[in-house]
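Colleague: I am new to this structure and would be grateful for a close look at a single part of it. Please take the aromatic rings and their surroundings as the subject.

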Amino acid sequence: MRYPTIDRPGRKRRDFGLVAGLCAVSLLLANLGEVGRLTVLRGLRATVLAPVLAVHRGYERGTGLARQVEELTAERDSLARQVAAAADLAEENHRLRALVGLPERLAETFVTGEITPGAAGDVGPHTFLFRTSSDVRLTVPAGVRSPKGLVGVLRARRAGSALGEFWTHPDFRVAARVSEGDATGIVRPFRVEAGESLMLLEGAPFQAEIPAGTRVVTSGIGGVHAPGIPVGTILREGESRSGWSRSYVIRPAVQPGYARVGLAWIPEPLDGPPVAPPEPEGGP
């Protein structure tokens, strides 16, 4: 059976003209210089491809917002669990101190804020902006953590915010210890392997062989970071070794740029340090 529309001469001429036109455009684009190609590309993006690009950008924004919602939900759940555990520990500590006659510990305060990596023009790839709605005056330097672990340190105050450095900053250092045992050392940024930023624990005692998988936490020495904050886990022993110390590669608990909510540590209560009682009249 023949279809009369297939062998129409007009259709053949139109198809031939379309193919010839496409070939001519292809040759023209192939012979254009770099500037000409960029001009054509900008024209296509602004006209023909504009609706497609708009839909693609909307999809990316929606996907990014959904991912952030999932991350914030997970952080909220983790914070809720930590708050519950902290309340139980605080009550137990209160009872034990009352039994042995020790005074109450100095309260520790964490100020919650939003972490925005590289939010200002004068910050680098290893810095972030810490925004908080709290009326508490932040003190710098101040350690910043997330529900998962160590994030970095605040270095400079601004109006309603502060500038901080992620632990990947070349100058970052923090005193740390292993969660089980008495091995201590200094943790610093190491290098990137397979797209993952790693840490290095230096100065660990030579006689202390730390197995892989051991948790490393902050020791609190220096007064910048609260003690007990998760830093990461031991991955393997480092290459550098001396007669008195070892080094260990650490997989960090928090990768920079993934934390969206942080807690800045204030080691004193919000109403200031305790005031010493006045001496009795007459003195000694």
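Modeller: The following account begins with the chain as a whole, turns to the aromatic rings, and then visits several loops and a pocket.

The model is a predicted one. Its chain has 284 residues, of which 29% count as buried. Three helices and 12 strands make up the secondary structure. Among contacts in the chain with a separation of 6 or more, 55% are between residues 24 or more positions apart.

One aromatic pair is present in the structure. Its members are Phe-128 and Phe-166, whose ring centres are 4.8 Å apart and whose planes meet at 45 degrees; the pair is therefore tilted. An angle under 30 degrees would have counted as stacked, and one over 60 as edge-to-face. The two residues are 38 residues apart and join distant parts of the chain, with Phe-128 in strand S2 (residues 127-131) and Phe-166 in strand S5 (residues 161-166). Both partners are buried.

Phe-128 deserves a fuller description. Its relative accessibility is 0%, so Phe-128 counts as buried, the limit being under 20%. Leaving out residues up to four places away in sequence, Phe-128 touches a series of residues that includes Ile-115, Thr-116, Pro-117 and Gly-118, as well as Val-144, Val-153 and Leu-154. Also touched by Phe-128 are Ala-162, Leu-163, Gly-164 and Glu-165, together with its ring partner Phe-166.

The surroundings of the pair also involve Gly-257, which is placed in the loop between strand S11 (245-252) and strand S12 (261-266). With residues up to four places away in sequence not counted, Gly-257 touches Pro-117 and Phe-166. Pro-117 is also one of the residues touched by Phe-128. From C-alpha to C-alpha, Phe-128 and Gly-257 are 8.5 Å apart in space, although 129 residues separate them in sequence. Ile-115 and Gly-257 are 142 residues apart in sequence, and their C-alpha atoms are 8.6 Å apart. The relative accessible area of Gly-257 is 23%, so this glycine is partly exposed.

Beyond strand S5, His-169 is found in the loop between S5 and strand S6 (174-178). Its relative accessibility of 15% means that His-169 counts as buried. Apart from neighbours within four places in sequence, His-169 is in contact with His-126 and Pro-189.

Another aromatic ring, that of Phe-206, has a charged group as its companion. The charged end of Arg-246 sits over this ring, 4.5 Å from the centre.

Two features of the backbone may be added. Most residues other than glycine have a negative phi, and most peptide bonds are trans. The peptide bond from Val-140 to Pro-141, however, is cis, with omega near -5 degrees; Pro-141 lies in the loop between S2 and strand S3 (142-145). Ala-194, which is not a glycine, has a positive phi of about 55 degrees. This alanine is located in the loop between strand S7 (184-193) and strand S8 (196-205). Its relative accessible area is 87%, so Ala-194 is exposed.

Finally, the second largest pocket holds about 190 Å³ of space. Its lining includes Ala-253, Val-254, Gln-255, Tyr-258 and Ala-259, and among the other lining residues are Glu-71, Ser-146 and Lys-148. By character, the lining divides into six nonpolar, two polar and three charged residues.

Conventions
Residues are numbered from 1 along each chain as its sequence is written. This is a predicted model: local features need pLDDT of at least 70, side-chain atom pairs count only at pLDDT 80 or more; totals for chains, interfaces and linings use all residues. Side-chain values use heavy atoms; hydrogens and water are left out. Rings of Phe, Tyr and Trp (its six-membered ring) pair if their centres lie within 6.5 Å; planes under 30 degrees apart count as stacked, over 60 as edge-to-face and the rest as tilted. Helices (H or I, at least four residues) and strands (E, at least two) are DSSP runs, numbered from the N terminus. Buried means under 20% relative accessible area, exposed over 50%, partly exposed in between (1.4 Å probe, protein chains only). A charge sits over a ring if NZ of Lys or CZ of Arg is within 6 Å of the ring centre and within 35 degrees of the ring normal. Contact means heavy atoms within 4.5 Å. On a 1 Å grid over the protein atoms alone, a cavity is a set of points where a 1.4 Å probe fits but cannot get out, and a pocket is an open set with protein on both sides within 12 Å along at least five of seven lines; lining residues have an atom within 4 Å of a point. Grid points are joined across faces, edges and corners, and a volume is the space filled by probe spheres set on the points. Ala, Val, Leu, Ile, Met, Phe, Trp, Tyr, Cys and Pro count as nonpolar, Asp, Glu, Lys and Arg as charged, and the others, Gly among them, as polar.
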